[in-house]
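Please look over the sequence and the model below before reading on. The report that comes after them is meant for someone meeting this structure for the first time.

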Amino acid sequence: MAYQKLQAGQAIAVVPSDTISIPAAGGVQQSGSATATTANKLVNSAGAFTTTVSVGDIVINTTDGTTATVTAIDSDTTLSISANIMASGEAYVIYAAAEENGCVLYVGVTGDVKVKTAAGNDVVFTGVPAGSFMPVQVTQVFATGTTATNIVALW
């Protein structure tokens, strides 16, 4: 009997977003905590943004699960970002910009999953069971239309 064999080498937790794709699997560019609250900025007095971050990289606020993209590198300690997601003391991780090849998904808690496939199709998978792997190359998981949780991207 045939079975699916999935051997992933990398994985990250997915933050569903209607505007931002799943980050690249290449790993964390930088992480830390914001040291100031400035609208549409990420400020970290201990940052090294000019040597580690690029425009288009994806910022995930790990305190509240919001996401934004880097729109400009203002200085070593300040980034301009596409949404007002950071406040002083909140933790963040910055990943390399999304990749086009996509990933497969693991769904931890049952629900619907709305995705954009690597080919650019928007599809809703209804009633995906907990503990399931979705063997479709996915580049984005939408917040709107997704009720499943604990989703992990695998490459």
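What follows describes a sheet, a few residues in their surroundings, and some ring interactions.

## The model and its open sheet

The structure shown here is a predicted model, and the description of it begins with a sheet. Six strands make up this open sheet, in which the pairing is antiparallel and the order runs 2-7-4-5-6-3. Strand 2, covering 28-33, and strand 3, covering 41-43, stand at the edges with a single partner strand each, so one side of each of them is left without a neighbour in the sheet. From one strand to the next, the twist averages 30 degrees.

Within this sheet, strand 5 (residues 66-73) and strand 6 (residues 78-81) run antiparallel and are joined by three bridges. As for individual partners, A72 is bridged to S80 in strand 6.

## S80 in strand 6

S80, which is found in strand 6, has a relative accessibility of 11%, and because buried means under 20%, this residue counts as buried. The side chain of S80 also makes a polar contact of 2.9 Å with the side chain of D74. When neighbours within four places in sequence are left aside, the residues in contact with S80 are N40, K41, T69, V70, T71, A72 and D74, so that its bridge partner A72 and its polar partner D74 both appear in that list.

## T67 in strand 5

T67 has its place in strand 5 and, at 14% relative accessibility, counts as buried. Although T67 and I20 are 47 residues apart along the chain, their C-alpha atoms are separated by 7.3 Å. I20 is also among the residues in contact with T67 once neighbours within four places in sequence are set aside, the others being V15, S17, V59, I60, A83 and I85.

## G131 in a loop

G131 is found in the loop between strand 10 (122-128) and strand 11 (132-141), where its relative accessibility of 39% makes it count as partly exposed. Leaving aside neighbours within four places in sequence, G131 is in contact with Y106, V107 and G108. The C-alpha atoms of G131 and A34, residues that lie 97 apart along the chain, are separated by 34 Å.

## Aromatic rings

The structure holds one aromatic pair. A ring is also involved in an interaction with a charge, in which the charged end of K114 sits over the ring of F142, at 4.9 Å from the centre of that ring.

Technical notes. Residues are numbered from 1 along each chain as its sequence is written. This is a predicted model: local features need pLDDT of at least 70, side-chain atom pairs count only at pLDDT 80 or more; totals for chains, interfaces and linings use all residues. Side-chain values use heavy atoms; hydrogens and water are left out. Two strands pair if DSSP finds at least two bridges between them. Helices (H or I, at least four residues) and strands (E, at least two) are DSSP runs, numbered from the N terminus. Axes are lines fitted to C-alpha atoms, for helices over the stretch in contact, and angles run from 0 to 180 degrees between N-to-C directions. Rings of Phe, Tyr and Trp (its six-membered ring) pair if their centres lie within 6.5 Å; planes under 30 degrees apart count as stacked, over 60 as edge-to-face and the rest as tilted. A charge sits over a ring if NZ of Lys or CZ of Arg is within 6 Å of the ring centre and within 35 degrees of the ring normal. Buried means under 20% relative accessible area, exposed over 50%, partly exposed in between (1.4 Å probe, protein chains only). A polar contact is a pair of N or O atoms within 3.5 Å; within protein, one must be able to donate a hydrogen and the other to accept it, and residues adjacent in sequence count only if both atoms are side-chain atoms. Contact means heavy atoms within 4.5 Å.
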